[in-house]
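Hi,

Here is the model I said I would pass on. Have a look at it first, and then read my notes underneath.

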Amino acid sequence: EIYTLSLHDALPILAYIDAMLELSMNEASGMAQKDDTVQVNRLMRDLLQENEPNVATGTIQKLNSQLDDSFSIRTNQNMLKRMVNALLDNAAKYTSKGQIVLKVSADTTMLTLVVEDTGSGIPASEAEHIFERFFKIDSFKSGLGLGLPLCRMIATRLGGTISLDSSYKEGARFVVTLPIEEVK
């Protein structure tokens, strides 16, 4: 008997391959090209809206920005989107009720993005492991355990950092800092 793989059956495999390729390409590359001028608040609102279908009933998402709507940075828009999407997707996956808040602020040199949720949280003992490939706190949740390692690589390639704020006990809080490049 010959078994054929339908497109529906192949999608998880293709997603796995795609994630591995993206991780490998990011790992092999140096600093990212930062040729895009990005209006930060607009992009963050768009990403929250795109993530809305993933959010559980009873969970709200909101943007808490200290930036003017005209505030723009020079960065790699696709990489920034990929990183924030992965963080929002994780927050949605682990938050069954409560809220997901995307906080945005900046000083003269750094943009800070915070994704904070009221989900199941991450034990402090796992704080660094979550950035390792294939590590999953809950093996019953969907995903490959590649999202957070990819986020760390993207943050690094954009000249920034990402960390888990283990002092936050209401769920999980990820903090991303990115250097502000002057918009020309």
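Let's start with Asn 78, which sits in helix H3. Keep in mind that this is a predicted model. Is Asn 78 buried or exposed? Its relative accessible area is 57%, and the cut-off for exposed is over 50%, so Asn 78 counts as exposed. The backbone nitrogen of Asn 78 also takes part in a cap: a side-chain oxygen of Asn 76 lies 3.3 Å from that nitrogen, and Asn 76 thereby caps the N-terminal end of H3. If you measure from Asn 78 to Asp 36, you should get 9.0 Å between the C-alpha atoms, although 42 residues separate the pair in sequence.

Now the rest of that helix. H3 covers residues 77-94, and its 18 residues should span 26 Å at 1.5 Å a residue; the end C-alpha atoms are 26 Å apart, so the model agrees with the expected span. Which residues of H3 are buried? They are Met 79, Leu 80, Met 83, Val 84, Ala 86, Leu 87, Leu 88, Asn 90, Ala 91 and Ala 92. When you look at that list, remember that an α-helix has 3.6 residues a turn, so residues three or four places apart point the same way. As for what the helix packs on, H3 lies across E2, E4, E5, E6 and E7, and runs at about 20 degrees to E5.

That brings us to the sheet. It is an open one of five strands, in the order E2-E4-E5-E7-E6, and the pairing is mixed. E2 (59-65) and E6 are the edge strands, each pairing on one side only. On average, neighbouring strands here are turned by 10 degrees against each other, direction ignored. As a reminder, strands of a sheet pair through backbone hydrogen bonds, either parallel or antiparallel.

Going through the pairs in sheet order:

- E2 and E4 are parallel and share seven bridges; Ser 65 stands opposite Val 104 in E4.
- E4 and E5 are antiparallel, also with seven bridges, and they form a hairpin with three residues between them. Here Leu 102 stands opposite Val 115 in E5.
- E5 (residues 110-117) and E7 are antiparallel, joined by seven bridges. Thr 112 has Thr 177 as its bridge partner in E7, and Leu 113 has Val 176.
- E7 and E6 (residues 161-164) are antiparallel, joined by four bridges. Thr 161 has Thr 177 as its bridge partner in E7.

Thr 177 is worth clicking on, since it turns up twice: it is the bridge partner of Thr 112 and of Thr 161. Its strand, E7 (residues 173-179), is mostly covered, with five of the seven residues buried.

Helix H2 (residues 40-51) also packs on the sheet: H2 lies across E2, E4 (98-106) and E5, and runs at about 175 degrees to E2.

One side chain in E5 may interest you for the charges. Glu 116 lies in that strand. Its relative accessible area is 8%, and anything under 20% counts as buried, so Glu 116 falls in the buried class. What does the side chain of Glu 116 join up with? There is a polar contact of 2.7 Å between the side chains of Glu 116 and Arg 173. Leaving aside residues up to four places away in sequence, Glu 116 touches Gln 99, Ile 100, Val 101, Lys 103, Tyr 168, Ala 172 and Arg 173.

Finally, the chain as a whole. It has four helices and seven strands, and read along the sequence they follow the pattern α-β-α-β-β-α-β-β-α-β-β. Of its 184 residues, 39% count as buried. The accessible surface comes to about 10,400 Å², with 52% of that belonging to carbon and sulfur atoms. Among contacts between residues at least 6 apart in sequence, 71% join residues at least 24 apart.

Cheers

Notes:
Residues numbered from 1 in each chain as written. Predicted model: local features only at pLDDT ≥ 70, side-chain atom pairs only at ≥ 80, totals over all residues. Heavy atoms only, no water. Helix = DSSP H or I, 4+ residues; strand = E, 2+ residues; numbered from the N terminus. Buried < 20%, exposed > 50% of the residue type's maximum accessible area, 1.4 Å probe, protein only. Contact = heavy atoms within 4.5 Å. Areas by Shrake-Rupley, 256 points an atom, 1.4 Å probe, with all protein chains shown as cover. Pairing = 2+ DSSP bridges. Expected span 1.5 Å × (residues − 1). Polar contact = N/O pair within 3.5 Å; in protein donor to acceptor, adjacent residues only side chain to side chain. Axes fitted to C-alpha atoms, helices over the stretch in contact; angles between N-to-C directions.
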